[in-house]
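Subject: Structure for your review

Dear colleague,

Please find below the structure that I am handing over to you. I would be grateful if you could read the notes that follow with the structure open beside you.

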Amino acid sequence: MYKHILLAVDFSANTENIVTRAIEVVNQNGAKLSLVHILDNIPMPDTSYGTIISLGDESDNLLLEQEKNNLTMLGEKLNVPDNQRWLIWGTPKDEITTLAAQESVDLIVIGSHARHGLALLLGSTASGVLHHAPCDVLAVKLPHD
Ligand code: AMP
């Protein structure tokens, strides 16, 4: 039985497929569900440790608001409380696996695309998570883009 499931969402067109599968597993196991989205395409704002990259660009602010809204809406739809919704700056595979260890997650649910050619060589978030995860990983097969 899984007790704490972490669903990694990138809000791409296939998100619904992964959400559906994650909910099935959550219900089957009576598990707690957490959601994570990694901000890998928006510059990080100033912090007390110094400027990483300035968040001066209005389009970045809009993008950040949009990502926050996406996570809030999905969290509300799935009844996931605020403190189990994570929006983190960084590289998806690193932040997802670090969060899983920190929060004693025992199953990560993630999407997996069939890849060919260069994309295969470059790897994917799913294979990165599989190699670094501290727990089981359910890679939900996604249709071709
Ligand atoms: P990819 O291999 O990057 O196409 O992504 C495959 C899966 O990794 C997605 O279906 C998500 O489950 C997860 N993923 C990718 N990027 C992110 C992200 N920025 N935040 C959270 N999960 C992500």
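The notes below begin with the strands and then turn to the largest pocket.

Please bear in mind that this is a predicted model.

A good place to start is strand β2, which covers residues 32-39. Seven of its eight residues are buried, so β2 is largely enclosed by the rest of the structure. Strand β2 pairs with β1 (residues 4-8); the two run parallel and are joined by five bridges. One pair that you can locate is I5, whose bridge partner in β2 is L33. Between these two strands the chain passes through helix α1 (residues 15-29), and the resulting β-α-β crossover is right-handed. Strand β2 is also joined to β3 (residues 85-89) by five bridges, again in a parallel arrangement. Here V36 has W86 of β3 as its bridge partner.

As you follow these strands, it may help to recall that side chains in a regular strand alternate between the two faces of the sheet.

The largest pocket has a volume of about 320 Å³. Its lining consists of 19 residues, and those nearest the centre are V9, D10, P92, I110 and T125. Two or more lining residues come from each of β2, α3 (92-102), β4 (107-113) and α5 (125-132). Strand β4 provides the largest share, with four residues. By type, the lining comprises 10 nonpolar, six polar and three charged residues. Strand β2 thus appears in both parts of these notes: it pairs with β1 and β3, and it contributes to the lining of the largest pocket.

Yours sincerely,
A colleague

How values were computed. Residues are numbered from 1 along each chain as its sequence is written. This is a predicted model: local features need pLDDT of at least 70, side-chain atom pairs count only at pLDDT 80 or more; totals for chains, interfaces and linings use all residues. Side-chain values use heavy atoms; hydrogens and water are left out. On a 1 Å grid over the protein atoms alone, a cavity is a set of points where a 1.4 Å probe fits but cannot get out, and a pocket is an open set with protein on both sides within 12 Å along at least five of seven lines; lining residues have an atom within 4 Å of a point. Grid points are joined across faces, edges and corners, and a volume is the space filled by probe spheres set on the points. Ala, Val, Leu, Ile, Met, Phe, Trp, Tyr, Cys and Pro count as nonpolar, Asp, Glu, Lys and Arg as charged, and the others, Gly among them, as polar. Buried means under 20% relative accessible area, exposed over 50%, partly exposed in between (1.4 Å probe, protein chains only). Two strands pair if DSSP finds at least two bridges between them. A crossover is right-handed if, with the strands pointing away from the viewer, the path from the first strand over the helix to the second runs clockwise.
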